[in-house]
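Here is a walk through one protein model, best read with the structure open beside you. We'll go from individual residues out to hairpins, core and pocket.

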Amino acid sequence: MTEQSTPNAAPSDQIKIDDLTKLILADGLKLQRGDKEIVYKVVTLRETGVREERIAEKLSERAVMAGGAWRLMHSESDFKHALNMLHIESFKCDGVEIGSGVIDLDMYDRLSSRDLELIEQRIFLMTMAAEVRYGNVTQQYFEEVLAGVTATPLVKAPQLSGQTPDVGAPADRVESGPTLLADLSGEHPHGKAAHDAAAAD
């Protein structure tokens, strides 16, 4: 398997879907074995499920003192970091393998910021490939992501304003909360919706 390909390469030059679980790190995991340093650069990744998410949630919890009492706090950044670690099936170097059973956050945190970025990028591609498999994302969209081109949004973003003269253009005025809620619900807070009242006139 080759190193990371350029972002703007054609889909055919990019990593094949079957190879998404294999990744070569830039710096690698460096571990001392006796008087010799071993650099594990080949990583095998796996898809995660509910079990791994539950484990990551526990790993991201911290006991902190708040208001004179100990409370269990949850960190979203720590959760994401732990879940990325749980995507790793193994590290390999010259036939020597470190399996997921002994990989922990202390070991994972020894990776360079560049390697952590590479792992996160690959996990994203694996997630996108799974969405293709489930039919939630088209193959074309996935190939656009692989090619590094701007892909068409999966869903259209909602308008920032509703009952304003220029729909889709920058709003001249800020709508009140009740008016925005009325637009979303289809009911005007004072009876008819604004466009119905205009039509009646």
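## Glu-52 and its neighbours

Leaving aside residues up to four places away in sequence, Glu-52 touches Arg-46, Leu-83 and Leu-86. Keep in mind that this is a predicted model, so the contacts come from computed coordinates. Glu-52 sits in helix α1, which covers residues 50–59. Is this glutamate buried or exposed? It counts as buried because its relative accessible area is 11%, under the 20% cut-off.

## Two more residues on the helices

Helix α1 also holds Ile-55. How accessible is Ile-55? Its relative accessibility is 30%, so it goes down as partly exposed. Leu-83, already met as a contact of Glu-52, turns up again here: the C-alpha atoms of Ile-55 and Leu-83 are separated by 8.1 Å, with their positions 28 residues apart along the chain.

Over in helix α2 there is Lys-80. This lysine is partly exposed too, with a relative accessible area of 45%. Take Glu-53 as a reference point: it is 27 residues from Lys-80 along the chain, and the two C-alpha atoms are separated by 9.3 Å.

## The chain as a whole

Stepping back, the protein chain has seven helices and six strands. Read from the N terminus, the order of elements is β-β-α-β-β-α-β-β-α-α-α-α-α.

The chain is 201 residues long, and buried residues make up 30% of it. What about contacts across the sequence? Taking contacts between residues at least 6 apart in sequence, 46% join residues at least 24 apart.

## Two hairpins

Strands β1 (residues 22–33) and β2 (residues 36–45) run antiparallel and are joined by eight bridges. If you want a place to look, find Ile-24, whose bridge partner in β2 is Val-42. The two strands make a hairpin with two residues between them, and Gly-34 in the turn has a positive phi of about 70°.

Next come β3 (residues 61–66) and β4 (residues 69–74), which are also antiparallel and pair over six bridges. Here Arg-62 stands opposite Met-73 in β4. How many residues separate β3 and β4 in their hairpin? Two, and the turn includes Gly-67, with a positive phi of about 65°.

## Other positive phi angles

Which residue takes a positive phi without being a glycine? Asp-94 does, at about 50°. For background, most residues other than glycine have a negative phi. Asp-94 belongs to the loop between β5 and β6 (96–99), and it counts as exposed because its relative accessibility is 78%, over the 50% cut-off.

A glycine with a positive phi shows up just after α5: Gly-148, at about 80°.

## The largest nonpolar core

The largest nonpolar core has 36 residues, and those with the most contacts inside it are Leu-29, Tyr-40, Ile-88, Phe-91, Ile-98 and Ile-119. Elements giving two or more residues to this core are β1, β2, α2 (76–86), β5 (88–93), α3 (105–108), α4 (113–134) and α5 (139–147). Which of them gives the most? That's α4, with eight residues. In general, nonpolar side chains tend to be buried together in soluble globular proteins.

Leu-29 makes a good entry point. Not counting residues up to four places away in sequence, it touches Ile-38, Val-39, Tyr-40, Phe-91, Ile-98, Met-107, Arg-110 and Leu-111. Tyr-40, Phe-91 and Ile-98 among these neighbours are also on the list of residues with the most contacts inside the core. In α5, the buried residues are Tyr-141, Phe-142, Glu-144, Leu-146 and Ala-147, and they pack against α4.

## The second largest pocket

Last stop: the second largest pocket, with about 170 Å³ of space in it. Which residues line it? Glu-47, Thr-48, His-87, Ile-123, Met-126, Thr-127, Ala-130, Glu-131 and Tyr-134 do.

By type, the lining is a mix of four nonpolar, three polar and two charged residues. Helix α4, which spans 113–134 and contributes to the largest nonpolar core, is therefore worth finding again here, as Ile-123 and Tyr-134 are among the lining residues and tyrosine and isoleucine both count as nonpolar.

How values were computed:
Residues are numbered from 1 along each chain as its sequence is written. Side-chain values use heavy atoms; hydrogens and water are left out. On a 1 Å grid over the protein atoms alone, a cavity is a set of points where a 1.4 Å probe fits but cannot get out, and a pocket is an open set with protein on both sides within 12 Å along at least five of seven lines; lining residues have an atom within 4 Å of a point. Grid points are joined across faces, edges and corners, and a volume is the space filled by probe spheres set on the points. Two strands pair if DSSP finds at least two bridges between them. Helices (H or I, at least four residues) and strands (E, at least two) are DSSP runs, numbered from the N terminus. A nonpolar core is a set of buried Ala, Val, Leu, Ile, Met, Phe, Trp, Tyr and Cys residues joined through side-chain atoms within 4.5 Å. Buried means under 20% relative accessible area, exposed over 50%, partly exposed in between (1.4 Å probe, protein chains only). Contact means heavy atoms within 4.5 Å.
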